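Subject: Structure for your review

Dear colleague,

Please find the structure below, together with its sequence. A summary of what was found in it follows.

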2 protein chains.
Amino acid sequence: MTETAPRPTLEAVAERAGVSRATVSRVVNGGDGVREPLVERVRRAVEELGYVPNQAARSLVTRRHDAIAVVVAEPETRVFADPFFALQLRGISKELTAHDNQLVLLLTEGRDDHARVGRYLAGGHVDGALVFSLHLDDPLPGLIQRAGVPTVFGGRPGWSDGSRDVVFVDSDNRGGARDAVRHLVNLGRTRVAHITGALDQTSAVDRLEGFRDIMGDAGPQLVVEGDFTPGGGERAMRELLERCPDVDAVFAANDLMASGALRVLRERGRRVPDDVAVIGFDDMLPVTEQTDPPLTTIRQDIEEMGRLMARLLLGTAGAASSVVLRTTLVRRASA
Amino acid sequence: MTETAPRPTLEAVAERAGVSRATVSRVVNGGDGVREPLVERVRRAVEELGYVPNQAARSLVTRRHDAIAVVVAEPETRVFADPFFALQLRGISKELTAHDNQLVLLLTEGRDDHARVGRYLAGGHVDGALVFSLHLDDPLPGLIQRAGVPTVFGGRPGWSDGSRDVVFVDSDNRGGARDAVRHLVNLGRTRVAHITGALDQTSAVDRLEGFRDIMGDAGPQLVVEGDFTPGGGERAMRELLERCPDVDAVFAANDLMASGALRVLRERGRRVPDDVAVIGFDDMLPVTEQTDPPLTTIRQDIEEMGRLMARLLLGTAGAASSVVLRTTLVRRASA
DNA sequence: GTGAAAGCGCTAACAT
DNA sequence: ATGTTAGCGCTTTCAC
């Protein structure tokens, strides 16, 4: 890796424009309180020299970095299985970009990485952190809180018992699940099953709660634990058909599992939605539109969640605390 | 966003350890040329104070940042459609982490963002850039080269006419395609079709070349342009069946399109592989293992590509220039 | 082997 | 409104 070529400094611009460094600095940072002709001269000098501020020097004195960290724990688990995370990242990126912030991505693979991330955040390299804490027992969130960096979580952290002053952005998983199940019930279905997500994630737990809100605790054999993957959906669906062959509706905790369930139903010759109605969660377009039949599902605006997280962190959203986003039912052919 | 708490400086550590700042600095940076007892004392002081070096101050003098940018152009296009990019990112992250480098993610959505990225890179905020240039006519690569930042490209850039001194990491798309087609031919298939990827990407072009290496220019009606998406695969497959109802083998330029093709074939009652053999490209596990039947494909080690890109950029891989990775045929049930 | 001192490029008081 | 000046926290000659 070669050295970067020497770049012009404030000093150089000041000299060229025939003003002081302070004036150049003012112009570069918005130009308030500098008279027009000077602003113009400085601007030209900046242009001609191709001057770009040295962020390190600036940070040294301002103690701001215009950078925030996005921490993603254990990518293998879920992150790379579906576009969920990518969409959120995109929302985050857009919002950060709009506010001239950089995105430092911190992927962690295991325990060793936790310490590393903790050190980095505590090191004051970034102005804040956006954290995706996937699992209930993840030690990372604690580490991060101790690092004393402003943080917004993606999804309700498992240990956030309401009282804690954690800020997070989440979908209304419970409400969405209720809508899904209610829809199935309104369709006249009476034996409604639920394929849960990985229950060490709050989203899965909340969706299960929503299911129970409508269906009560009756028929516990109609609830099968899945893992948010298509394979898990298949397994769960098989189990379901075994336990309760006359099941007439399935609410899967995400689209991926619903697609797996659909596959098994077709394999077993059950017609969807005639014999069994199926509804998913997420509205992952590449999935919902490709299934056969197209999947009815609960949509959450994932990109918006990311955008909101960033906005919360940057303080752009006012003094808002945690936000729970509404979900919407998207009817397609499967239910 | 609250202010970060004031952190101990070198000065504080020096005082506590009863040495000079210079000595502390030496210890912190490896401790060469400092006698053991002092090293020990300094280490303890660092520990007790919880000292973490201020990266901004360090960068200001060293002109290094221990950070590299990952530039991804136009995420919507491909990045979020399949886990390809996520896997590469993971490889990159692992390698960077191992060398104490941070990953600054730069997502671009359109022309405006190009200027922004160019400015950022030219601004000397990072020590290098890893760039994914998806399209042949993308102006971004040019901008980046002009920025004078060491760069490694993911995938062969379209304008890299061999002669140029661009460094990239790519799979042997052409060779892999040849293997795929050869496999189909060895199966005794005679009417082998090809669903290409988006032909404004070199990977798609190279795979098409590979197809032609084996099949020649005969039967141009057996080549249909796709776009790397499942939907594109479906459309192409329909077109193919129309043009040439007796097609007995299909090489799709990626697994996603192959899955779409599979869907259409099933829909039309063609048995796979009996009537039509299908082979994909990538070996995207979530796709290849979920299709019916499981998909035979050409595997490329995506995570390794990412790791290699990082290694090349960091100079860890010796004086290596561009690298083209071998692919392997993975036989499953579809061909 | 260790310390003293000179900046790195910038911003923010404070003068003017 | 503009200039002067004093650091921000660190590395790195250069003396000792």
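In what follows, a residue counts as near a DNA strand if one of its heavy atoms lies within 4 Å of that strand. Please bear in mind that this is a predicted model.

By that criterion, 28 residues surround DNA strand D. The closest are Arg35(A) and Arg63(A) from one chain, with Leu10(B), Arg21(B) and Tyr51(B) from the other. The residues of this surface comprise 13 nonpolar, eight polar and seven charged ones. Helix 2 (21-28) and helix 4 (55-62) of chain A, as well as helix 2 and helix 4 (55-62) of chain B, each supply at least two residues. Helix 4 of chain B gives the most, with five residues.

On the DNA side, 63% of the strand D atoms within 4 Å of the protein belong to sugar or phosphate, and the rest belong to bases. Individual atom pairs illustrate both kinds of approach. A backbone N or O atom of Leu10(B) lies 2.3 Å from a phosphate oxygen of DNA strand D, and a polar side-chain atom of Ser25(B) lies 2.7 Å from a phosphate oxygen of that strand. A polar side-chain atom of Arg21(A), by contrast, lies 3.3 Å from a base nitrogen of DNA strand D.

Helix 2 of chain B also has a buried face. Its buried residues are Thr23(B), Val24(B) and Val27(B). They cover an arc of only 100° around the axis, which puts them on the same side of the helix. An α-helix has 3.6 residues a turn, so residues three or four places apart point the same way. What covers the buried residues of helix 2 of chain B includes helix 1 (10-17) and helix 3 (36-49) of that chain. Helix 2 of chain B is followed by Gly30(B), which has a positive phi, near 120°.

As to the two protein chains, a rotation of 180° with 0.1 Å of shift along its axis superposes chain A on chain B, with an RMSD of 0.2 Å. That is the relation of a two-fold axis. The copies meet through the same surface, because 100% of the interface residues of chain A are also interface residues in chain B.

One further residue deserves mention. Asp283(B) is found in the loop between strand 9 (277-279) and helix 12 (285-288) of chain B. Asp283(B) is buried, with a relative accessible area of 8%, which is under the 20% limit for that class. Its side chain makes a polar contact with the side chain of Thr288(B), at 3.2 Å. Beyond its neighbours within four places in sequence, Asp283(B) is in contact with residues including Asp255(B), Arg299(B) and Arg332(B).

Yours sincerely

Key. Residues are numbered from 1 along each chain as its sequence is written. Chains are lettered from A and ligands numbered from 1 in the order in which they are written. This is a predicted model: local features need pLDDT of at least 70, side-chain atom pairs count only at pLDDT 80 or more; totals for chains, interfaces and linings use all residues. Side-chain values use heavy atoms; hydrogens and water are left out. Buried means under 20% relative accessible area, exposed over 50%, partly exposed in between (1.4 Å probe, protein chains only). Helices (H or I, at least four residues) and strands (E, at least two) are DSSP runs, numbered from the N terminus. The arc is that of the directions from the helix axis to the C-beta atoms. Contact means heavy atoms within 4.5 Å. Copies are superposed by least squares on the C-alpha atoms of residues with pLDDT of at least 70 in both. A polar contact is a pair of N or O atoms within 3.5 Å; within protein, one must be able to donate a hydrogen and the other to accept it, and residues adjacent in sequence count only if both atoms are side-chain atoms. Ala, Val, Leu, Ile, Met, Phe, Trp, Tyr, Cys and Pro count as nonpolar, Asp, Glu, Lys and Arg as charged, and the others, Gly among them, as polar.
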